[in-house]
Amino acid sequence: MQAYPKTRTSFPAAQGWIVLKNHHAVPMSVLIEPWGMGLELSPGESCHVLLGANGDHEPSIEITDSFFIVHGGDAIYQHGEEVYDFSNQH
């Protein structure tokens with residue numbers, strides 16, 4: 001089990017596309033679960049994440065000091081290009 005920094009915020013999210021933007025002065029990682037894949041966002045950068053069904057669980061997002069952890073993430077796009085797309089893996 002991977003250890004994450006202390007969670008500041010966790011909330012349920014609706015299925016569909018969301019935009020995650022790094023408003024911090026330092027890089028943040030975006031991790032999509034259950035795939036364990038992600039990318040790093042420099043300060044001011046953003047990405048689009050597709051939220052899907054994660055088995056029996058609704059999508060949710062945890063925000064820590066250094067991570068966006070997206071449970072039920074199916075795809076990440078950045079700068080209009082696919083980074084990861086697992087939407088056909090269900």
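This passage describes the strands, one hairpin, one loop residue and the nonpolar core of a predicted model.

In this predicted model, local features need pLDDT of at least 70 and side-chain atom pairs count only at pLDDT 80 or more, whereas totals for chains, interfaces and linings use all residues. Residues are numbered from 1 along each chain as its sequence is written, and side-chain values use heavy atoms, with hydrogens and water left out.

The chain holds nine strands and zero helices, where strands (E, at least two residues) and helices (H or I, at least four) are DSSP runs numbered from the N terminus. Read from that terminus, the order of elements is β-β-β-β-β-β-β-β-β. Of the 90 residues, 38% count as buried, that is, under 20% relative accessible area with a 1.4 Å probe and protein chains only, exposed being over 50% and partly exposed lying in between. Among contacts (heavy atoms within 4.5 Å) with a separation of 6 or more, 63% join residues 24 or more positions apart. The chain exposes about 5,300 Å², of which carbon and sulfur atoms supply 51%, the areas coming from the Shrake-Rupley method with a 1.4 Å probe; for residues, only the protein chains shown count as cover.

Strands β3 (residues 28–33) and β4 (residues 37–41) pair in the antiparallel sense over five bridges, pairing being assigned if DSSP finds at least two bridges between two strands. I32 has M37 of β4 as its bridge partner. The two strands β3 and β4 form a hairpin with three residues between them, and G36 in the turn has a positive phi of about 70 degrees.

N22 lies in the loop between β2 (16–21) and β3 and is buried, with a relative accessible area of 1%. The side chain of N22 reaches the backbone nitrogen of H24 at 2.8 Å and the backbone oxygen of V26 at 2.9 Å. Not counting residues up to four places away in sequence, N22 also touches P27, M28, L41, S42, P43, G44 and E45.

The largest nonpolar core, a set of buried Ala, Val, Leu, Ile, Met, Phe, Trp, Tyr and Cys residues joined through side-chain atoms within 4.5 Å, has 16 residues, of which L20, V30, C47, V49, F68, V70 and I76 touch the most other members. Two or more residues of this core come from each of β2, β3, β4, β5 (46–51), β6 (60–64) and β7 (67–71). Leaving aside neighbours within four places in sequence, the contacts of I76 include V30, I32, G38, L39, C47 and V49, as well as E81, E82, V83 and Y84.

Notes: Polar contact = N/O pair within 3.5 Å; in protein donor to acceptor, adjacent residues only side chain to side chain.
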